Amino acid sequence: MFNAPQWVQWLLFGLPATAIGLIFLLSAVAAARQTFQFFPPPTKASWQHRLFLLLFRLYLYPLIGLSIFYSQPIHSKQAIFQYGIGGLLLLVGFGLAFLITFQMGWRNAFGERRGLKTNGWFSISRNPVYVATWIGLIGWGLLANNLLVTILLILWATMYLLAPVVEEPWLEKEYGEDYRAYKKRVRRFL
């Protein structure tokens, strides 16, 4: 454990909690008002795109710091099992999430219209990146073994659970009948 004042730990928790709270708030406004779009952003040059990236970075980087400096060691016979399973889930989950994102196209993942993806991983789930990330988040939580990290990871998982609520109307608008047919054929998650 990192030997620093207690306020550092709370800063590394409070900053990402605030950032993801703002993402939730802006997404809720977008879901409630058809005239406002937050994510996917209207364009790459929009303030929504820049703000989302800023907020997600303000969420992610302190979370990484909190995880590195404030992880709790596991002092039991199951430590090797927990670290092994956690490490495997972290690598597999985030590895798949990055692979699927790159196959989809990074720009497509951030709301640019680059074509509807329906093959490969997207033939199994409409949101395979989210599903893979959940696997990685479980692994991260097992490795960190810290309540504050776990709370932030649960918020990330919740964000990905709710994201389709704001993404699907945009996808229907962008891709029309192609997306509606795909939506009938393939489940949201699994």
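A salt bridge is a side-chain nitrogen of Lys or Arg within 4 Å of a carboxyl oxygen of Asp or Glu. The structure above is a predicted model, and by this rule the count comes to six salt bridges.

**Salt bridges**

Side chains of opposite charge can pair when their charged atoms come close. In one such pair, arginine 126 meets glutamate 168, with 2.7 Å between the closest N and O atoms. This pair links distant parts of the chain, since arginine 126 lies in the loop between helix 4 (106-109) and helix 5, while glutamate 168 lies in helix 6, 42 residues apart. Are the two partners buried or exposed? Arginine 126 has 11% relative accessibility and so counts as buried. Glutamate 168, at 6% relative accessibility, counts as buried too.

Arginine 180 takes part in two of the salt bridges listed here, one with glutamate 172 and one with glutamate 177. Arginine 180 and glutamate 177 are three residues apart in helix 6, which means they are separated by about one helical turn. The residues of these two bridges are partly exposed: glutamate 172 has 24% relative accessibility, arginine 180 has 33%, and glutamate 177 has 49%.

The three pairs are set out below.

| Salt bridge | N to O distance |
|---|---|
| Arginine 126 and glutamate 168 | 2.7 Å |
| Glutamate 172 and arginine 180 | 3.8 Å |
| Arginine 180 and glutamate 177 | 3.4 Å |

Salt bridges also join residues into a network, whose members are Arg126, Glu168, Glu172, Glu177, Arg180, Lys183 and Arg188.

**The second largest pocket**

Helix 6 also appears in the lining of a pocket. The second largest pocket holds about 320 Å³ of space. Its lining consists of 14 residues, and those nearest the centre are Ala30, Gln34, Phe36, Pro169 and Trp170. Helix 1 (6-32) and helix 6 (147-185) are the elements that each give two or more residues to this lining. Which of them gives the largest share? The answer is helix 6, with five residues. By type, the lining residues of this pocket divide into 10 nonpolar, two polar and two charged.

**A nonpolar patch and a buried isoleucine**

On the surface, Tyr61, Ile64, Ile68 and Phe69 make a nonpolar patch of about 410 Å². One of these residues, isoleucine 64, is found in helix 2, which covers residues 47-70. Isoleucine 64 counts as partly exposed because its relative accessibility is 33%, and the range for that class runs from 20% to 50%.

Isoleucine 100, in helix 3 (residues 79-104), is buried, with a relative accessible area of 2%. From isoleucine 100 to glycine 87 there are 13 residues in sequence, and the C-alpha atoms of the two are 20 Å apart in space.

**Backbone features in two loops**

Most residues other than glycine have a negative phi, and most peptide bonds are trans. Two places in this model depart from those patterns.

What is the form of the peptide bond from phenylalanine 39 to proline 40? This bond is cis, with omega near -5°. Proline 40 belongs to the loop between helix 1 and helix 2.

Asparagine 145 has a positive phi, near 50°, and is a residue other than glycine. Asparagine 145 sits in the loop between helix 5 (128-144) and helix 6. With 29% relative accessibility, asparagine 145 counts as partly exposed.

Methods. Residues numbered from 1 in each chain as written. Predicted model: local features only at pLDDT ≥ 70, side-chain atom pairs only at ≥ 80, totals over all residues. Heavy atoms only, no water. Patch = residues over 30% accessible without salt bridge, like charges linked within 9 Å, V, L, I, M, F, W, Y side chains within 5 Å. Areas by Shrake-Rupley, 256 points an atom, 1.4 Å probe, with all protein chains shown as cover. Helix = DSSP H or I, 4+ residues; strand = E, 2+ residues; numbered from the N terminus. Buried < 20%, exposed > 50% of the residue type's maximum accessible area, 1.4 Å probe, protein only. 1 Å grid on protein atoms, 1.4 Å probe; cavity = no way out; pocket = protein on both sides within 12 Å on 5 of 7 lines; lining within 4 Å. Points joined across faces, edges and corners; volume = space filled by probe spheres on them. Nonpolar A, V, L, I, M, F, W, Y, C, P; charged D, E, K, R; others polar.
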